[in-house]
Amino acid sequence: MAVTLPDRELWSYSGVSIDNYLNGGAVNTLNTNSFGGGVWPAANLIFYVPVVVKRRVIAAKMWFGGGSGTTGTTDIGIYNRAGSRLVNVSATKEATTGIVIRDITDTTIGPDLYYIGMSHTEVTSQFGRQASTAPASAALGVREQAGSGSLPATATWTINSTRNYCPVVGILIDGAYA
Amino acid sequence: MITSVAVREPILDLIGPSSPWGAAYGANSGMNPGSTTFENATRTVYYPFFIPTTCVLKRFWWANGAAVAGNVLMAVYSATAVGRPGARIGTNMTSTAQAGTNVLQFGAPSGGDIVLTPQPIWIAIAVSSTSAQLFVSGGASTATVYRMMEATGTPPATATPVTGGGNNWYICGFSTVSSP
């Protein structure tokens, strides 16, 4: 009897998005109890959020959760596990409570652990974030860095055990998704 | 003909109870931790993890709570045929005084890096003072049926685990990187 195998490892399937919210890429557990909008904790702060990419994919777009406010500039990108920036896009934040999607240069990644870097330049705009009690974010591998308004070529990251803020961010592998 | 499908499980940097390799992964309420005193100054508590790909344990870690006291000792164990903690893999962590409230703290195995091959494992933690506080998972109520313990003593060469002892799920694990 012929056996038909799936065209991909189904255990690695993550839909169109690889992010820190859904099971496919998240290294943290979903916690809807603490999800909502929150102002960026510090001007130019950079978060590095770990995501697992379990198969080779082309990162076509990136997204983050919008809250409110249009002030300031947001930068979002992908870093490898060594802290080298692979791709990024600077984006002016939109006034939306939904998902903000930005196009990036198509970048082939995976399988490996990556960090989604995200920075914002001021502290009045809100973003979708998990606000689990500290040190939950640190214990889930979230790192951060005091930045200067954009994502650096090389991350100099640290663990902040007192931070109770983790932006919800992701990579879209469907370039037509909008 | 069946062609094998390559398993490509990326190695995580920081592995804890709520990471995909931890038994508390999927515990929805697990990530609103609270600080509580360690349950018994002469007890070792075991928590199950799963290692899907060969990796190197470079450091153990735990989450200090609102007060620090005593020393922390951790170790990693293989699982027996029935899934209980069995033989210690590598060496214990160097006994380390708790330092710094409300922070993650790290300690290295006393004998150097520990190579972990794909298998179920148990992470053990013991603290020498009941004044010491650690963060526990907010979803700890189910831990009673997952955790085991060494009723008396620090992490031994071979575990003799028993059930019971409460439902605290101390937030702890290991790291595959030296920093951060």
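These exercises work through a predicted model of a protein complex.

**Exercise 1. Find how many helices and strands chain A has, and in what order they come.**

Step 1. Count the elements. Chain A has 1 helix and 12 strands.
Step 2. Read along the sequence. The pattern is β-β-β-β-β-β-β-β-β-α-β-β-β.
Step 3. Look at the contacts in chain A with a separation of 6 or more. Residues 24 or more positions apart account for 83% of them.
Step 4. Turn to burial. Of the 178 residues of chain A, 54% count as buried.

**Exercise 2. Work out why B:C172 forms no disulfide.**

Step 1. Recall the cut-off. A disulfide needs two cysteine sulfur atoms within 2.5 Å.
Step 2. Find the closest cysteine sulfur. For B:C172 it belongs to B:C55, 16 Å away.
Step 3. Conclude. That is too far, so B:C172 has no bond to B:C55.
Step 4. Widen the search. The whole structure holds 0 disulfides over all chains.
Step 5. Check the surroundings. B:C172 is buried, with a relative accessible area of 1%.

**Exercise 3. Identify which residues touch the most other members of the largest nonpolar core.**

Step 1. Take the core as a set. The largest one has 40 residues.
Step 2. Pick out the residues that touch the most other members. They are B:L116, B:I125 and B:F174.
Step 3. Follow B:I125, leaving aside its neighbours within four places in sequence. Its contacts include B:F38, B:V45, B:W62, B:L134 and B:C172.
Step 4. Look for another core. A second, separate one has 27 residues, among them A:V51, A:V57, A:F64 and A:C166.
Step 5. Check one member. A:C166 is buried, with a relative accessible area of 3%.
Step 6. Add the general rule. In soluble globular proteins, nonpolar side chains tend to be buried together.

**Exercise 4. Explain why strand β3 of chain B is largely enclosed, and find which strands it pairs with.**

Step 1. Count buried residues. In β3(B), residues 44-51, 7 of the 8 are buried, so the strand is largely enclosed by the rest of the structure.
Step 2. Take one partner. β3(B) pairs with β11(B), residues 119-127, in the antiparallel sense over 8 bridges.
Step 3. Take another. β13(B), residues 148-150, also pairs with β3(B) in the antiparallel sense, over 3 bridges.
Step 4. Focus on B:T44. It stands opposite B:A126 in β11(B), and its bridge partner in β13(B) is B:E150.

**Exercise 5. Decide where chain B should not be read in detail.**

Step 1. Start with the average. Chain B has a mean pLDDT of 89, and 88% of its residues reach 70 or more.
Step 2. Find a weak stretch. Over residues 3-7 of chain B, pLDDT stays under 50.
Step 3. Apply the rule. Where pLDDT is low, the predicted coordinates should not be read in detail.

Note on methods
Residues are numbered from 1 along each chain as its sequence is written. Chains are lettered from A and ligands numbered from 1 in the order in which they are written. This is a predicted model: local features need pLDDT of at least 70, side-chain atom pairs count only at pLDDT 80 or more; totals for chains, interfaces and linings use all residues. Side-chain values use heavy atoms; hydrogens and water are left out. Helices (H or I, at least four residues) and strands (E, at least two) are DSSP runs, numbered from the N terminus. Buried means under 20% relative accessible area, exposed over 50%, partly exposed in between (1.4 Å probe, protein chains only). Contact means heavy atoms within 4.5 Å. A nonpolar core is a set of buried Ala, Val, Leu, Ile, Met, Phe, Trp, Tyr and Cys residues joined through side-chain atoms within 4.5 Å. pLDDT is the predictor's confidence in each residue, from 0 to 100. Two strands pair if DSSP finds at least two bridges between them.
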